[in-house]
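I opened my notebook to look at side chains today. I wanted to see what sits inside and which charges pair up.

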Amino acid sequence: MARFINLVATRSLDGDHDHLHRWYNDHVHLLMGFAPLQETRLFRRLDAMATDAPEYACLYRFASHADFLAFEESEARSSR
């Protein structure tokens, strides 16, 4: 089975990780309204390096590249 993964990296600019998690939990429900989006996962970097590198990566999984392209044009995507 083919899969298409979209990986988005981000960081908490103000250091309020609880706020970021609350936003993500609310936000992901809107995105999951798009049926071809099969899975989302939020990962946090464990090391505490003081750099400008992303602290979080969010994985979005689709069955195909066509599903991802449809998502990019969808109403669910515009709610981001």
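**Entry 1: aromatic rings**

I counted the ring pairs and found 4 aromatic pairs in the structure. I kept in mind that this is a predicted model.

I looked up one of the pairs, Phe62 with Phe71. The ring centres are 5.3 Å apart, and the planes make an angle of 50 degrees. This pair is tilted. I noted why that label fits: tilted covers what is neither under 30 degrees nor over 60.

Are these two rings buried or exposed? Phe62 has a relative accessible area of 0%, so Phe62 is buried. Phe71 has 1%, so Phe71 is buried as well.

Next I asked which residues the ring pairs link into a cluster. I wrote down Phe4, Phe34, Phe62, Phe68 and Phe71.

**Entry 2: one ring and its contacts**

I picked Phe68 from that cluster. I left aside its neighbours within four places in sequence. Phe68 is then in contact with Phe4, Asn6 and Phe62. Phe4 and Phe62 also belong to the ring cluster.

**Entry 3: the nonpolar core**

How many residues does the largest nonpolar core have? I found 11. Phe34, Phe62, Phe68 and Phe71 are among them. So are Tyr24, Val28, Leu31 and Leu37. Cys58, Tyr60 and Ala76 complete the list.

I then checked which elements give two or more residues to this core. They are helix H1 (17-31), strand E3 (56-62) and helix H2 (65-72).

**Entry 4: charged side chains**

I turned to charges and found 2 salt bridges in the structure.

I looked at Arg41 and Glu39. Their side chains meet in a salt bridge, with 2.3 Å from N to O. Arg41 has a relative accessible area of 46%, so I marked Arg41 as partly exposed. Glu39 has 19%. Buried means under 20%, so Glu39 counts as buried.

I then looked at Arg61 and Glu39. This salt bridge spans 2.8 Å from N to O. Where do the two partners sit in the chain? Arg61 lies in strand E3, and Glu39 lies in strand E2 (residues 37-44). They are 22 residues apart, and the pair links distant parts of the chain. Both Arg61 and Glu39 are buried.

What do the shared partners add up to? Glu39, Arg41 and Arg61 are joined into one network of salt bridges.

**Entry 5: what I keep**

I keep two groups in my notes. One is the cluster of rings that includes Phe62 and Phe71. The other is the salt-bridge network of Glu39, Arg41 and Arg61.

Terms used:
Residues numbered from 1 in each chain as written. Predicted model: local features only at pLDDT ≥ 70, side-chain atom pairs only at ≥ 80, totals over all residues. Heavy atoms only, no water. Phe/Tyr/Trp six-rings, centres within 6.5 Å; stacked < 30°, edge-to-face > 60°. Buried < 20%, exposed > 50% of the residue type's maximum accessible area, 1.4 Å probe, protein only. Core = buried A, V, L, I, M, F, W, Y, C linked by side-chain atoms within 4.5 Å. Helix = DSSP H or I, 4+ residues; strand = E, 2+ residues; numbered from the N terminus. Contact = heavy atoms within 4.5 Å. Salt bridge = Lys/Arg side-chain N within 4 Å of Asp/Glu carboxyl O.
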